[in-house]
Amino acid sequence: MTFYSFMGALEIGLIFGLVALGVLISFRILNFPDLTVDGSFPLGGAVAATLISTGKDPFLATFIATLAGALSGFATGWLNVRLKIMDLLAGILMMTALYSINLRIMGKPNVPLILEPTVFTVLMPGIWADYIEKPLILLVVVLIAKFILDWYFASERGLAMRATGANPRMASAQGVATSWAKLVGLAISNALVALGGALFAQSQGGSDISMGIGTIVIGLAAVIIGESVLPARRILWATLAVIIGAVLYRFFIALALNSSWIGLQSQDLNLIASVLVILVLVFPLLKRRLKSLAQ
């Protein structure tokens, strides 16, 4: 793997670290199988790219994109909490709706940002090479998001949200507004995912309607890999684990695509991702079986 490939994998891995944090909230903390992320990730990119291409400030565009993601997550929670639609189906419905919404926002399948200012060019104009400056900026953003989540989930409201995911009936009996906790949790989750999408669009030079395909797989893979590498019960370490998992996942993908002897090409990306997730899921089972045979 070349240095350029290494830094590119680190850059994308840090972006998907935000996605992994969002998936951690929905799947692990709230125990909510939220498929909205396949729509909220390109939503963030679509909103940010469209606003930037019309001359808006990239920081403002990124902030609005994050709010749009929060709104999509809130809508998914509303379908489940208020309309009593099954959690999995609510996510699928919102994900499907967001495909058309994203097309409406962009007005076309893709919006280029090659010559437009981005948060990266504004923060470090001409000081560093792109492959060095972007990972540095992204690392700061991801760490800020992590520390904010650590603080929030240690607060009274955050603990109430964690209790809602662990045992909603018990939490409700203790006076926790479980419906509101679920709505807020899904909003935060998809806000992080949309933030990742907005930064991804600015990093890669544009937004595309298909950029969200497989986002949920990547997020779940990052969570599972992170939990395997750094198993922990405390939220402080859990958030760090999923970020590490996202970076490792991208390194695995980069290694596979840069191993010419395997014969894989860029169009095999989703195949590699699926196989990698399967291996990660099967590994604990194989480990238990080997341990039982050794005994």
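The legends below describe close-up views of a predicted model.

**View 1. Aromatic pair between helix 1 and helix 9.** Six aromatic pairs are found in a search of the whole structure. In one of them, the ring centres of Phe16 and Phe200 are 6.0 Å apart and the ring planes stand at 65°, so the pair counts as edge-to-face. The pair joins distant parts of the chain, with Phe16 in helix 1 (residues 3-29) and Phe200 in helix 9 (residues 178-204), 184 residues apart. Both Phe16 and Phe200 are buried. Together with Phe41, Phe16 and Phe200 make up one aromatic cluster.

**View 2. Aromatic pair between helix 3 and helix 9.** The rings of Phe74 and Trp180 have centres 6.2 Å apart and planes at 75°, so this pair is also edge-to-face. Phe74 belongs to helix 3 (residues 58-81) and Trp180 to helix 9, and the pair links parts of the chain 106 residues apart. Phe74 is partly exposed because its relative accessibility, 30%, falls between the limits of 20% for buried and 50% for exposed. Trp180 is partly exposed as well, with a relative accessible area of 48%.

**View 3. Salt bridge between helix 10 and helix 1.** Side chains of opposite charge can pair when their charged atoms come close. A search of the whole structure gives two salt bridges. In one, the side chains of Glu227 and Arg28 meet at 2.6 Å, N to O. Glu227 lies in helix 10 (residues 215-229) and Arg28 in helix 1, so that this contact links distant parts of the chain, 199 residues apart. Glu227 counts as partly exposed at 30% relative accessibility. Arg28 is partly exposed too, with a relative accessible area of 43%.

**View 4. Salt bridge within helix 6.** Lys146 forms a salt bridge with Asp150, and the closest N and O atoms of the two are 2.7 Å apart. Lys146 and Asp150 both sit in helix 6 (residues 130-153), with four residues, or about one turn of the helix, between their positions. Lys146 and Asp150 are both buried.

**View 5. Lysine over an aromatic ring.** The charged end of Lys134 is placed over the ring of Phe120. The distance from this charged end to the ring centre is 5.8 Å.

**View 6. Nonpolar surface patch that includes Leu93.** Met86, Leu88, Leu89, Ile92 and Leu93 form a nonpolar patch on the surface. Together these residues have about 410 Å² of accessible area. Leu93, one of the patch residues, is found in helix 4 (residues 87-106). Its relative accessible area is 40%, so Leu93 counts as partly exposed. Residues 85-101 are among the spans that an unreviewed UniProt entry lists as "transmembrane region". This span is 88% helix and 0% strand, and its end C-alpha atoms lie 21 Å apart.

**View 7. Met106 in helix 4 and its separation from Val81.** Met106 is found in helix 4. At 8% relative accessibility, Met106 is below the 20% limit and therefore counts as buried. The C-alpha atoms of Met106 and Val81 are separated by 30 Å. Along the chain, Met106 and Val81 are 25 residues apart.

**View 8. Span of residues 6-27.** The unreviewed UniProt entry also places a "transmembrane region" at residues 6-27. In the model this span is 100% helix and 0% strand. The C-alpha atoms at its two ends lie 29 Å apart.

**View 9. Positive phi at Asn31.** Asn31 has a phi near 55°, a positive value in a residue other than glycine. Asn31 is placed in the loop between helix 1 and helix 2 (37-53). Its relative accessibility is 55%, over the 50% limit, so Asn31 counts as exposed.

**View 10. Positive phi at Lys84.** Lys84 is not a glycine, yet its phi is positive, at about 60°. Lys84 lies in the loop between helix 3 and helix 4. With 67% relative accessibility, Lys84 counts as exposed.

Note on methods: Residues are numbered from 1 along each chain as its sequence is written. This is a predicted model: local features need pLDDT of at least 70, side-chain atom pairs count only at pLDDT 80 or more; totals for chains, interfaces and linings use all residues. Side-chain values use heavy atoms; hydrogens and water are left out. Patches are made of residues with over 30% relative accessible area and no salt bridge: like charges are joined within 9 Å, nonpolar side chains (Val, Leu, Ile, Met, Phe, Trp, Tyr) within 5 Å. Accessible areas come from the Shrake-Rupley method with a 1.4 Å probe; for residues, only the protein chains shown count as cover. A salt bridge is a side-chain nitrogen of Lys or Arg within 4 Å of a carboxyl oxygen of Asp or Glu. Buried means under 20% relative accessible area, exposed over 50%, partly exposed in between (1.4 Å probe, protein chains only). UniProt positions are given in the numbering used here, feature names are shortened, and annotations may be inferred rather than shown by experiment. Rings of Phe, Tyr and Trp (its six-membered ring) pair if their centres lie within 6.5 Å; planes under 30 degrees apart count as stacked, over 60 as edge-to-face and the rest as tilted. A charge sits over a ring if NZ of Lys or CZ of Arg is within 6 Å of the ring centre and within 35 degrees of the ring normal.
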